[in-house]
Amino acid sequence: MRQQASSPQGADTDPDTPDVGALPERFAAWFAERGWRPRAHQLALLRHATARKSTLLIAPTGGGKTLAGFLPSLIELVEENRRNGRGIHTLYISPLKALAVDVARNLRAPVEDMGLDISLETRTGDTPQSRRQRQRYAPPDILMTTPEQVALLLSHKDAGRMFAGLRNIVLDELHSLVTSKRGDLLSLGIARLRRLAPEAIEIGLSATVARPSELRAFLSPQGVDGQVRELAELVNAGGGAAANIRILASEERFPWSGHSARYALGDVYAAIQAHRTSLIFVNTRSQAEMVFQSLWHINEDNLPIALHHGSLDVSQRRKIEAAMVEGKLRAVVCTSTLDLGIDWGDVDLVINIGAPKGASRLAQRIGRANHRLDEPSNALLVPANRFEVLECRAALDAAAEGAQDTPVARTGGLDVLAQHVLGMACSDPFAPDALFAEVKSAAPYADLSRETFDQVVEFVATGGYALRTYERYARLRRTADGHFRIPHPRVAQQYRLNVGTIVEAPMLKVRLGRARKAGTGPPRGGRVLGEIEEVFIEQLVPGDTFIFAGEVLRFEALREMEVIASRSGDTEARVPSYMGGKFPLSTYLADRVRRMLADPAFWRRLPGQVSEWLEVQRLKSIIPKPEEMLVETFPRARKHYLVCYPFEGRLAHQTLGMLLTRRLERGGARPLGFVASEYALAIWGLEDIGAMIRSGRLPLGQLFDEDMLGDDLDAWLAESALMKRTFRVCAVIAGLIERRHPGKEKSGRQVTVSSDLIYDVLREHEPDHVLLRAAWADAGTGLLDIGRLGTFLKRIRGRIRHSVLDQVSPLAVPVMLEIGREPVHGEAREDLMREAADQLIEEAMRHEPAGETRA
């Protein structure tokens, strides 16, 4: 547990100097031996916990949040002289498996130093099955786990015995849990824990909080009327040292488009050389593989550089984490798997390749460096293209102001509720009235109506009206006393195999094999390297090479649910890209970028290449005001283009593109296609769209009217694979479609066929089905981002500016370069992109006065 021997940084409302005497003698001595003293916020949290009050602690990275969260438990366990056999005393819940393991390692230090007779263990999906079984019957005093494991434990009949003595629930990085379906599942689990252990309190820990009241409500049971009975206490430690953040000033030419940041990797390597240990964050797994490979190619000093992302095998990830703790690595290329509060000790630089997509995410990542309250974290932002220069600047300014942009609290998902209802029936038969009251005490479900709750229970019991004749969907039976129970133990087994809300693309294990000679059969399989998306493997043929686990592999064969691959010995991969996770541009940063773009005085703070780009845009076309949207139309290569700049993120732009092309088709513009980026949308067709707008045949106000989210949206979704994909996720979470069965797992294709058939049946026969409603709710904020699109259309009403051009504009070049892009990286592609950019820029630099219309 890292703690600095310096003055504390303030607490809630207590101005007193922290007094080590406020701690029991053994703990006071432990602090004193290290030259430390407890910080004010640590003692304030201890007072609230001693008074049995749930509390939210907000403290910057390095402020001793984790130690503060566990002090009440350690002290109470020592004072009670508690022995194993009374169940779990403290349940620590983390959003990341790696974080739970890291915190357990750090917590063992004070426990062992003070000789405390306290047992602590981790329980994640990586924990061996034998240990997980033993933990149910002989649990430790402190169990460190994840939301999914909490749901699993609560589904067993002995949950009441296991949690009867629970005193403290510690929720780490709470802000990252409450904004997703994992938070919904966790809130329902906590509601059940409150019933099993009425004396337990919740302790929330977070460094980045935009709206503390929402997290305080999450830690508090809701009343029957949906109102918070009493908000959890708040302890705010105040800010730490200001971070030292800079944007890379490279002498190389800034790319116009793309996300590889290949131009800057020489500078990144120089930064690694100049520091002890660096964490290099990227936004996708495929980008992590590419950056890692590229760094190794220029690693002339043979520095120990490692790779860490969620698809790698757990043993490989644990080796990397251990090497980091021991100070054996100079750099780790990683994704969001290392975003949160992991204490890596000697990390003195965080490098973020690509724009961070959110102010809070940037603050979280920067906090991995130094991890000390009184010392500034050092960070380097590496924009991958010119628009990302603006986004990085916006994120840097937001960090300087301490601004946060965590999403607002969400309404609980009905698919998650269905999963929980089944889990509770697996534990014990339930009475609907009692379970409804319990569910409504969880903050995301405070406004749930009894009618909707009953519909969810009916769905779990029968599948709903349209599916009730199929026995396979009957998972609950009603008893004579009105309770619901599971009809057979295999229902509980199926539930536990499929529990959780993380539904990624179907994954296949990648096993390193040795290729045999032609005609001698498939290659022999060796060790497992990790998992990769099934949809990516489906496009490969034997002999194709791809990057995975930091190596260039040759695809040899697909054997059941395993990919057999061998080391190719090549330095370049033919197909190096696979999916991994992506983040949308936050609304908060998008607003800042629009304001920067509209302010020529600000351009002086940008690199010369970028400010010149914007100056030419102002000469050739228009720079829109922050509240406006620019639409440009121009001809190119016997096609006509419409480019608009909503700055609302790729997901919202893709949905807008789908809807706009339908309207343009009806209007006679004969659209051929569209492409969306985080910042812009380009549509091309055969007719002169600009002339049609100017003549009034396609009025801009009507083209971008909010009513496109009505009939147009309904018609598109009726035939859209995207909506089916959203429904598929809800069906898997709700347990209607089961991915895993004992001894086997459905392929992605099988899951898709099953869910698509059910989707079509429900749309025709039961359009108000619980799962269709859940899918619509997800579409509003998830894959389709309809909610954000609706807000955007309201914002631009009457504020659209139309620039009629003869050639492509400078601002349009980045999104134009996205057209026809192949997912293959390498020098050849970089050269082709450079040639394409040169042609477009040459066009864009030829100044022609723009015509303008407004809507």
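In this predicted model, helix H3 is mostly covered, with 13 of its 16 residues classed as buried. The helix comprises residues 65-80, and at 1.5 Å a residue these should span 22 Å; the C-alpha atoms at the two ends are 24 Å apart, which agrees with the expected value. The path of H3 is nevertheless interrupted by a kink of about 35 degrees at Leu-71. This kink lies shortly before a proline, Pro-72. Beyond the end of H3 comes Asn-81, a residue whose phi is positive, near 50 degrees.

Salt bridges were sought throughout the structure, and the search finds 40 of them. Three pairs and one network are described here. Within helix H4 (residues 97-113), Asp-102 and Arg-105 are 3 residues apart, so about one helical turn separates them. In general, an α-helix has 3.6 residues a turn, and residues three or four places apart therefore point the same way. Asp-102 and Arg-105 form a salt bridge in which the closest N and O atoms are 2.2 Å apart. The surroundings of the two partners can also be described by their accessibility. Asp-102 has a relative accessible area of 2% and is buried, because the limit for that class is under 20%. Arg-105, with a relative accessible area of 31%, is partly exposed.

A second salt bridge joins the side chains of Asp-126 and Arg-318, with an N to O distance of 3.1 Å. Asp-126 belongs to the loop between strand E3 (120-123) and helix H5 (129-137), whereas Arg-318 belongs to helix H13 (residues 314-325); the pair therefore ties together parts that are 192 residues apart in sequence. The relative accessibility of Asp-126 is 26%, and this residue counts as partly exposed.

A third pair consists of Lys-724 and Asp-760, whose closest N and O atoms are 3.4 Å apart in a salt bridge. Here the partners lie in two helices, Lys-724 in H27 (residues 721-734) and Asp-760 in H28 (residues 748-765), so that parts 36 residues apart in sequence are tied together. Asp-760 is partly exposed, its relative accessible area being 38%.

Salt bridges that share partners also form a network, in which Asp-591, Arg-594, Arg-595, Glu-648, Arg-788 and Arg-795 are joined.

Definitions and conventions: Residues numbered from 1 in each chain as written. Predicted model: local features only at pLDDT ≥ 70, side-chain atom pairs only at ≥ 80, totals over all residues. Heavy atoms only, no water. Helix = DSSP H or I, 4+ residues; strand = E, 2+ residues; numbered from the N terminus. Expected span 1.5 Å × (residues − 1). Bend = angle between axes of the 7 residues up to and from the residue. Buried < 20%, exposed > 50% of the residue type's maximum accessible area, 1.4 Å probe, protein only. Salt bridge = Lys/Arg side-chain N within 4 Å of Asp/Glu carboxyl O.
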